[in-house]
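Let's take a walk through this structure together, moving from single residues to whole chains and back again. Please keep the sequence and the 3D view at hand as you read.

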Amino acid sequence: MISRENPKTAIEVRGLSWQAEDIKILEGIGLEVSKNSFVGIIGPNGSGKTSLLRYISAWYKPQAETVFLYGGDILSRRGKELSREIAVIAQNMAIEFDFTAMDVVLMGRFPHISRFGSEGQEDIEKTKNVMELTGTWDLKDRLVTNLSGGELQRVMIARALAQETSILLMDEPISNLDISYQVEIMDLIKGYQQEKGLTVITVLHDLNIAAQYCERLILLNKGEVYCQGKPEKVLTKENIKAVYGIDVHIIENPSQGFPYIMPVFSIHEGKNNIE
Amino acid sequence: MAYIHKKKRYRSIFILLTLLMLFIIIAGCSIGAANLTVGDALKIILQRVPYIGSILVKKPIAGSSESIIWKVRMPRVLLAGIVGAALAFSGTVYQGLFKNPMAESFVLGVSAGAALGGAVGIIFGIPGILGVGGTGLAAFLGALSAVFLVYQLGGTGGRVSMTRLLLAGIAVNFMLSAMISLLMIFNRQRMDNIIMWTMGSFSNATWDKVLLSAIAVSVGIGVISFFARDLNLMLLGDEEAKNLGVDIEKTKKLLLALSSFIAAIAVSVSGIIGFVGLIVPHAIRMATDPDHRVVLPYSAVVGAIFLILSDTLARTLAGPMEIPVGIITALAGAPFFLYLLSKNRRAM
């Protein structure tokens, strides 16, 4: 086995390709995510963002030596061992069974409890901590089937944090939330990431949120990495035109200086840009 | 409240349910054509306890009462209890694995396979071994073969697709039922026996059957119980469960095999008793939690209670004639279940 010892790298992907029924979903993906960084995966619908994330979480089984976790092939990490390293917050999570919010967050402790054991005082304490941090402690006795989208999302984040992993993967964690929840949840995760030295890889639809929170962006187009790097390098007029096929204005966000993208609305420009 | 905060309460209720089950076993032994008191039944059972029996009961009861209780009613009551526990417990596991409230062990062909095996056993007079009759043995093999067939047809290479399994199970069920009908048409003189067998009965209970099924079912229940938390996670979906560290493919295969095994044991000693695997787990879920650490053990005990009561009714209601116990479980169980359903608006 090739060992790619690089003490700074948390996740590395090399030459990852995937075809489903003759349609290439991912093609020659290569990327490196440093420890303790906050990385966004962006790209149009169908560009392979979720698939890539599912390979990194090993839900899809990658080919040997294409996905590496801390230098070792991810395939060599099994079951609970892997889920002590990587937590995942899936897209549009819906739970149909009447568990309470606390039951669900406690499930995050699963990889730390042996088959013959059960949740101890330490697990309960840690669950309480992350629930307080995510503002879900008040919801602990509510049934998850009765929670609003924003409440449920915070419960799922609490569960991921209860897992105590060093890497957190998120698939569009804020796409169903209103603007205040969007900011609240991104702030929460960013704060936790900086405090605890977490590595975060998140799929995002909103380019401005991506520019605001991510240190690095990976722009996917048709299953390939079109461009990756700092947000100001990736989010250019040219790249967005090439990948999304729309014209945009890019201005500097007045508060922190991040790029801010505004679509050029053809209706106001008096001409039709649809190709 | 979360499960963790209700753990103590659930444990106390479980102990109460177990005591209730023991009482119903003893009471069930005392009810019948020759009426005995619960006290007599208790004495007869206690005096049989090895080593300390003679200390517990000063004046042992002998004669016909003793043999009615110990040789006839006791194995019958216990067998009903074991089968009830096995059916309800395996139903719980199936509903968890399939994330489908309609699932029970019978959807994968356990009942149809057992019925076909039983029919073949009755028609060809297969000899029995280990105290289990040839019919029971054939039913057991039929049940396991049917599940194996469904699994082979419904599985997709590596990953187990529950929807495909369910569909394959329905198709195999229909096919096997047609084969049973065909067998019966060509063996009309045996039709009665086959139909009575498929309706389920404990009238042929023996201590051998009790011991054999008790051991097999306890092993199955014991192993599955260690997967209660895995089953909870699997309710959230395969991807969630995998991301939290459940080895979903192995777990599914193991739990499907074990729960089918205990259901096959159950039908092979009793015939086909429907509905227990469906209503008992649901009634418990509605009354308590979806957490398998509650639903699994409660299902076993409540399933045992439910089937002992049903069988007691089956043998006494129209005595001396016996009503097949499957009729009682459906007639008594369905209205109760519908009542629960109408009262309870919670998601399943």
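In which loop of chain A does A:Glu164 lie? It is the loop between α5 (149-162) and β7 (167-171) of chain A. Keep in mind from here on that this is a predicted model.

The backbone of A:Glu164 deserves a look: its phi is positive, about 50 degrees, although the residue is not a glycine. Most residues other than glycine have a negative phi. How exposed is A:Glu164? The residue counts as partly exposed because it has 16 C-beta neighbours inside 10 Å, a count that falls between the limits of 12 or fewer for exposed and 20 or more for buried.

A second glutamate of chain A invites the same kind of inspection. A:Glu21 sits in the loop between β1 (9-20) and β2 of chain A, and its phi, near 50 degrees, is again a positive value in a residue other than glycine. Around A:Glu21 there are 5 other C-beta atoms within 10 Å, so this residue is exposed.

From that loop we can step into the sheet. Chain A has an open sheet of four strands in the order β2-β1-β4-β5, with antiparallel pairing. Why do β2 (23-34) and β5 (72-73) each have one side without a neighbour in the sheet? These two strands of chain A stand at the edges, each with a single partner strand, so one side of each is left free of a neighbour there. At the β5 end, strand β4 (residues 67-69) of chain A is joined to β5(A) by two bridges, and the two run antiparallel. Within this pair, A:Leu69 stands opposite A:Gly72 in β5(A).

Now turn to where the chains meet. The contact takes 27 residues from chain A and 21 residues from chain B. On the chain A side, α2 (79-83) and α3 (101-106) each supply at least two of the residues that touch chain B, and the largest share, four residues, comes from α2(A). By character, the residues on this side of chain A divide into 14 nonpolar, five polar and eight charged.

Chain B has a secondary structure of 15 helices and zero strands. Its C-alpha trace spans about 65 × 60 × 40 Å along the principal axes. A compact globule of 348 residues would have a radius of gyration near 20 Å, and chain B agrees with that at 21 Å. Buried residues make up 49% of the 348 residues in chain B. Of the contacts in chain B with a separation of 6 or more, 75% are between residues 24 or more positions apart.

One helix of chain B gives us a good place to finish. α4(B) has 35 residues and should span 51 Å at 1.5 Å a residue; its end C-alpha atoms are 49 Å apart, which agrees. The helix bends by about 40 degrees at B:Arg73, and a proline, B:Pro75, follows within four residues. α4(B) is mostly covered, with 27 of its 35 residues buried. Just after the helix, B:Lys99 takes a positive phi of about 50 degrees.

Inside helix α4 (residues 64-98) of chain B you will find B:Gly84, which counts as buried because it has 32 C-beta neighbours inside 10 Å. B:Gly84 and B:Val302 are 218 residues apart in sequence, yet 8.0 Å apart in space, C-alpha to C-alpha. Beyond its neighbours within four places in sequence, B:Gly84 is in contact with residues including B:Val276, B:Gly303 and B:Phe306.

Notes
Residues numbered from 1 in each chain as written. Chains lettered and ligands numbered in written order. Predicted model: local features only at pLDDT ≥ 70, side-chain atom pairs only at ≥ 80, totals over all residues. Contact = placed C-beta atoms within 7 Å. Nonpolar A, V, L, I, M, F, W, Y, C, P; charged D, E, K, R; others polar. Pairing = 2+ DSSP bridges. Rg over C-alpha atoms; globule rule 2.2 N^0.38 Å. Expected span 1.5 Å × (residues − 1). Bend = angle between axes of the 7 residues up to and from the residue.
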